[in-house]
There are 2 protein chains.
Amino acid sequence: MDDSRYTDLDEETLFLVSQTFKALADPTRIRILNLLFNREYSVNEIAEQLHLRQSTVSHQLRFLKNLRLVKFRREGTSIYYSHDDEHVLNVLHETIQHALHH
Amino acid sequence: MDDSRYTDLDEETLFLVSQTFKALADPTRIRILNLLFNREYSVNEIAEQLHLRQSTVSHQLRFLKNLRLVKFRREGTSIYYSHDDEHVLNVLHETIQHALHH
DNA sequence: ATAATATATGAGCATATACTCATATAACCA
DNA sequence: TGGTTATATGAGTATATGCTCATATATTAT
């Protein structure tokens, strides 16, 4: 690996990078994001699919929403969530594949 | 994004993936790995470069070592650490660049 | 063997995290 | 308006995490 990859990191970058990975560091959030690879789901649909409580899903979605990793649209009383960050989703996808095949 | 990216994740994969990202979810570990992009460093050199306590560095290196993200070699009383996982290092590098330029 | 240097580790503490229950808020419909 | 369904949120609790100090271990040189 060449030297050009070393950069002294400023506080802000460090925080953003660590926060991004923190989003991916929890099994529940990974399962949610992994489900959203597929298509959009409502909060209750996510809860049912993954056998989680509605409040658990809602709390985690807020976390992912704050980091702009998911977006949502309202339809009646339901809110449908979908992924919203290609880069992070790719990173997750690659790492899952890496884990599955190694 | 196509449907082919959805896979129901087993416990083991989920654990491995979340652990991997957990390694990257802490500012101190990011700084250490980012330093090791460059070249190998001894424990004390890392501590000096990053203004961290020796024990802090040693604890974090143990964490990274357990996940096989770093390797080491002894030279006298010093132990030199270097990175040992191209995939994870690439993911970190890409995400740092992404954060720096967005 | 003893001293000096480098690294590893255990315990303690403060903070962060993730889940759950209960309840609030919001949209829709009769 | 009142009732129903869906989602969000606050508080409480248990566990996890990261740092620090003190000390143990290991290697080298005298």
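## Who sits next to DNA strand D

Helix H4 of chain A makes the largest contribution to the surface near DNA strand D, with five residues. Keep in mind that this is a predicted model. In total, 24 residues surround the strand, and the closest are Gln54(A), Tyr81(A), Thr28(B), Thr56(B) and Gln60(B). Of the strand D atoms that come within 4 Å of the protein, 66% belong to sugar and phosphate.

Sorted by class, this surface has 15 polar, six charged and three nonpolar residues.

## Grabbing phosphates

Chain B offers two threonine side chains here. An N or O atom in the side chain of Thr28(B) is 2.5 Å from a phosphate oxygen of strand D, and for the side chain of Thr56(B) the distance to a phosphate oxygen is 2.6 Å. From chain A, a polar backbone atom of Ile79(A) lies 3.1 Å from a phosphate oxygen.

Which elements give two or more residues to this surface? On chain A they are helix H3 (43-50), helix H4 (54-66) and strand S3 (78-83), and on chain B they are helix H2 (27-36) and helix H4 (54-66).

## The sheet in chain B

Chain B also has an open, antiparallel sheet of three strands, ordered S1-S3-S2. Strands S1 (41-42) and S2 (70-75) are the edges, each pairing on one side only. Two bridges join S1(B) to S3(B), residues 78-83, with the two running antiparallel. Ser42(B) stands opposite Tyr80(B) of S3(B).

H4(B), one of the helices that give residues to the surface near strand D, lies across S2 and S3 of chain B. The helix runs at about 120 degrees to S2(B).

How values were computed:
Residues numbered from 1 in each chain as written. Chains lettered and ligands numbered in written order. Predicted model: local features only at pLDDT ≥ 70, side-chain atom pairs only at ≥ 80, totals over all residues. Heavy atoms only, no water. Near = heavy atom within 4 Å. Polar contact = N/O pair within 3.5 Å; in protein donor to acceptor, adjacent residues only side chain to side chain. Helix = DSSP H or I, 4+ residues; strand = E, 2+ residues; numbered from the N terminus. Nonpolar A, V, L, I, M, F, W, Y, C, P; charged D, E, K, R; others polar. Pairing = 2+ DSSP bridges. Contact = heavy atoms within 4.5 Å. Axes fitted to C-alpha atoms, helices over the stretch in contact; angles between N-to-C directions.
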